[in-house]
There are 2 protein chains.
Amino acid sequence: MSETGQWIDQIAWNSDGLLPAISQDHVSGRVLMMAWMNRESLQLSVEGGYAVYWSRSRGQLWRKGETSGNRQKIEAIRIDCDGDTLLISVQQEGGIACHTGRESCFYRRLDGDNVWQSTDEVLRSPEELYGSK
Amino acid sequence: MSETGQWIDQIAWNSDGLLPAISQDHVSGRVLMMAWMNRESLQLSVEGGYAVYWSRSRGQLWRKGETSGNRQKIEAIRIDCDGDTLLISVQQEGGIACHTGRESCFYRRLDGDNVWQSTDEVLRSPEELYGSK
């Protein structure tokens with residue numbers, strides 16, 4: 001992490017100009033998801049107070065919750081010792097971060113039989129969140 | 001995420017054969033750090049019960065806490081909806097995850113003046129953790 005320049009210039013972006021951003025519920029401490037930000041999305045997040053990511057698959061800004069309504073209101077932004085990962089404390093609107101309709105994207109746990117077991121219930125169906133077309 | 005094959009084959013590794021692994025204190029919920037794992041380090045983590053990462057800078061396995069003693073005992077491993085990020089609940093031995101001697105690597109917060117402010121105290125000096133030379 002650079003010690004000079006504006007806060008955003010101090011970040012150690014990767015070779016694609018991105019860094020991982022972990023979001024965490026600011027009350028429960030539940031880790032909700034990990035997504036990527038570029039410089040513009042981070043700037044928009046800080047200015048607007050709601051998380052904006054960079055969608056690597058779509059190659060465009062991703063205003064989290066724009067369709068589903070499940071926006072992430074930013075309470076705090078932290079950076080790690082290397083300056084290459086963010087931890088964002090959020091108020092998760094609707095209580096659902098995952099596109100599967102669950103609270104957290106981390107809803108599967110490796111169980112004793114080495115199988116990824118779903119442990120969380122679907123709170124709202126994806127059809128309900130994104131429209132049934 | 002693939003639905004077939006062994007649990008480790010279902011993971012969506014990136015083009016370098018790595019995936020990000022977020023570690024979280026299993027009691028406090030504090031997010032401690034984000035590091036990378038390759039297939040071998042994840043296998044060793046699961047088999048041994050302690051977190052082993054892949055150091056991208058050193059290009060070798062990184063047995064977390066090998067020098068400092070601050071190992072991470074694994075309580076649970078979760079995977080996200082895309083199958084490309086892990087969340088590992090750990091018991092952080094020594095209460096220190098960061099090489100700076102702090103509990104968490106995320107010890108700086110963006111304050112109201114847009115400055116990264118350190119908010120956490122150093123619990124043990126790096127010299128003490130890694131030797132004074």
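**Strand pairing and chain contacts in the predicted model**

Strands β1(B) and β2(B) pair in the antiparallel sense through 7 bridges, an arrangement described here, like everything that follows, from a predicted model. Within this pairing, A21(B) stands opposite A35(B) of β2(B). The hairpin that the two strands form has 5 residues between them, and in it G29(B) takes a positive phi near 80°. Of the 8 residues of β2(B), 6 are buried, so this strand is largely enclosed by the rest of the structure.

As regards confidence, the model scores ipTM 0.95 and pTM 0.95. For chain A the average pLDDT is 95, with 98% of the residues scoring at least 70.

The hairpin of chain B belongs to an open sheet of 6 strands with mixed pairing, in which the order is β8(A)-β7(A)-β5(B)-β6(B)-β1(B)-β2(B). The edges of this sheet are formed by β8 (116-118) of chain A and by β2 of chain B, each of which pairs on one side only. From one strand to the next, the twist averages 35°. Helix α1 of chain B, comprising residues 39-48, packs on the sheet and touches β2 and β5 of chain B, its direction making about 120° with that of β2(B).

Further along the sheet, β5(B) is paired with β6(B), the strand of residues 86-92, in the antiparallel sense over 7 bridges. In this pair, K73(B) has Q91(B) of β6(B) as its bridge partner. These two strands also form a hairpin, with 6 residues between them, and G83(B) in the turn has a positive phi of about 70°.

The sheet passes from one chain to the other where β7 of chain A (residues 108-110) is joined to β5(B) by 2 bridges, the two strands running antiparallel. At this junction R109(A) stands opposite R78(B) of β5(B). In general, the strands of a sheet pair through backbone hydrogen bonds, either parallel or antiparallel.

Contacts between the chains involve 28 residues of chain B and 28 residues of chain A. On the side of chain B that touches chain A, the elements giving two or more residues are β1 (18-25), β2 (31-38), β5 (72-79) and β7 (108-110) of chain B. The largest share of that side, 4 residues, comes from β5(B), the strand that is also bridged to β7 of chain A. By residue class, the side of chain B that touches chain A divides into 17 nonpolar, 7 polar and 4 charged residues.

The largest nonpolar core has 58 residues, and those with the most contacts inside it are I22(A), L86(A) and I88(A) together with I22(B), L86(B) and I88(B). For I88(A), when neighbours within four places in sequence are left aside, the residues in contact are A21(A), I22(A), S23(A), A51(A), I74(A) and I77(A). Among these contacts, I22(A) is itself one of the core residues with the most contacts.

A further antiparallel pair is found in chain A, where 4 bridges join β3 (residues 52-55) to β4 (residues 60-63). The bridge partner of V52(A) in β4(A) is R63(A). The hairpin formed by β3(A) and β4(A) has 4 residues between the strands, and a positive phi of about 65° is found at G59(A) in the turn.

Positive phi values are also found at asparagine positions. In chain A, N114(A) has a positive phi of about 55° although it is not a glycine, and its place is in the loop between β7 and β8 of chain A. With 10 C-beta neighbours inside 10 Å, N114(A) counts as exposed, since the cut-off for an exposed residue is 12 or fewer. In chain B, N114(B) likewise has a positive phi of about 55° without being a glycine, and lies in the loop between β7 and β8 (116-118) of chain B. N114(B) is exposed as well, having 10 other C-beta atoms within 10 Å.

Conventions: Residues are numbered from 1 along each chain as its sequence is written. Chains are lettered from A and ligands numbered from 1 in the order in which they are written. This is a predicted model: local features need pLDDT of at least 70, side-chain atom pairs count only at pLDDT 80 or more; totals for chains, interfaces and linings use all residues. Two residues are in contact if their C-beta atoms, placed from the backbone, lie within 7 Å. Ala, Val, Leu, Ile, Met, Phe, Trp, Tyr, Cys and Pro count as nonpolar, Asp, Glu, Lys and Arg as charged, and the others, Gly among them, as polar. Two strands pair if DSSP finds at least two bridges between them. A residue is buried if 20 or more other C-beta atoms lie within 10 Å of its own, exposed if 12 or fewer, and partly exposed in between; C-beta atoms are placed from the backbone. A nonpolar core is a set of buried Ala, Val, Leu, Ile, Met, Phe, Trp, Tyr and Cys residues joined through C-beta atoms within 7 Å. pLDDT is the predictor's confidence in each residue, from 0 to 100. Axes are lines fitted to C-alpha atoms, for helices over the stretch in contact, and angles run from 0 to 180 degrees between N-to-C directions.
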